[in-house]
Amino acid sequence: MTVFDIEEAPGVWFDAPGGGRVQIRKPTQATLKAIQKQTDKKRVEYKRIDGKAERLEWTERDEELHSALFWDHVIMAWEGAPYPCDREHKTLLLDQSPAFGKFLGACLAKLNADEVVQAEALEKN
């Protein structure tokens, strides 16, 4: 793997506490932009402030949809769960199990750390 690879990295399997495994991947910038495009809406409003016409602009995000799309992409598969690995069950599990969310956060942190190590190794060559 080089810094010029365009393909998305394959998922990595992590052993879950208490049994089972989860395969996750880091999202690419393109994936994050696609999710943002689906969930973020620019809003504009004109108001009079101190007698002057002002243009106010902000972004509203559908947080629930953003989270669902993000985790649906990140979680690729799982083994050891009694239900299918689909968006509905991923969202349900994340909503109802803080331990699962914490586990996934730790897995993503490990992927980030591994990526830094790989980048440093490539720089040395």
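K90 sits in helix α3, which spans residues 87-96. The model is predicted, and this lysine is a good place to enter it.

K90 is buried, because its relative accessible area is 4% and the cut-off for buried is under 20%. Its side chain has a polar partner there. A polar atom of that side chain lies 2.6 Å from the backbone oxygen of I75. Leaving aside residues up to four places away in sequence, K90 touches W71, D72, I75, W78 and C85.

Two of these names, W71 and I75, lead on to the largest nonpolar core. That core has 19 residues. W71 and I75 are among those with the most contacts inside it, along with V22, I24, F100, F103 and L104. β2, α2 (63-74), β5, α3 and α4 each supply at least two residues of this core. The largest share, 6 residues, comes from α4. In general, nonpolar side chains tend to be buried together in soluble globular proteins.

Take I24 from the core. Not counting residues up to four places away in sequence, I24 touches G11, V12, F14, V74, I75, M76, L104, C107, L108 and L111.

Now turn to empty space. The second largest pocket has a volume of about 260 Å³. Its lining has 17 residues, and A16, G19, V22, L93 and F100 lie nearest its centre. By type, the lining divides into 11 nonpolar, 4 polar and 2 charged residues. β2 (21-24), β5 (75-79) and α4 (98-124) each supply at least two residues of this lining. Here too α4 gives the largest share, with 3 residues. V22 and F100 appear in both the core and the pocket lining.

Definitions and conventions: Residues numbered from 1 in each chain as written. Predicted model: local features only at pLDDT ≥ 70, side-chain atom pairs only at ≥ 80, totals over all residues. Heavy atoms only, no water. 1 Å grid on protein atoms, 1.4 Å probe; cavity = no way out; pocket = protein on both sides within 12 Å on 5 of 7 lines; lining within 4 Å. Points joined across faces, edges and corners; volume = space filled by probe spheres on them. Helix = DSSP H or I, 4+ residues; strand = E, 2+ residues; numbered from the N terminus. Nonpolar A, V, L, I, M, F, W, Y, C, P; charged D, E, K, R; others polar. Buried < 20%, exposed > 50% of the residue type's maximum accessible area, 1.4 Å probe, protein only. Polar contact = N/O pair within 3.5 Å; in protein donor to acceptor, adjacent residues only side chain to side chain. Contact = heavy atoms within 4.5 Å. Core = buried A, V, L, I, M, F, W, Y, C linked by side-chain atoms within 4.5 Å.
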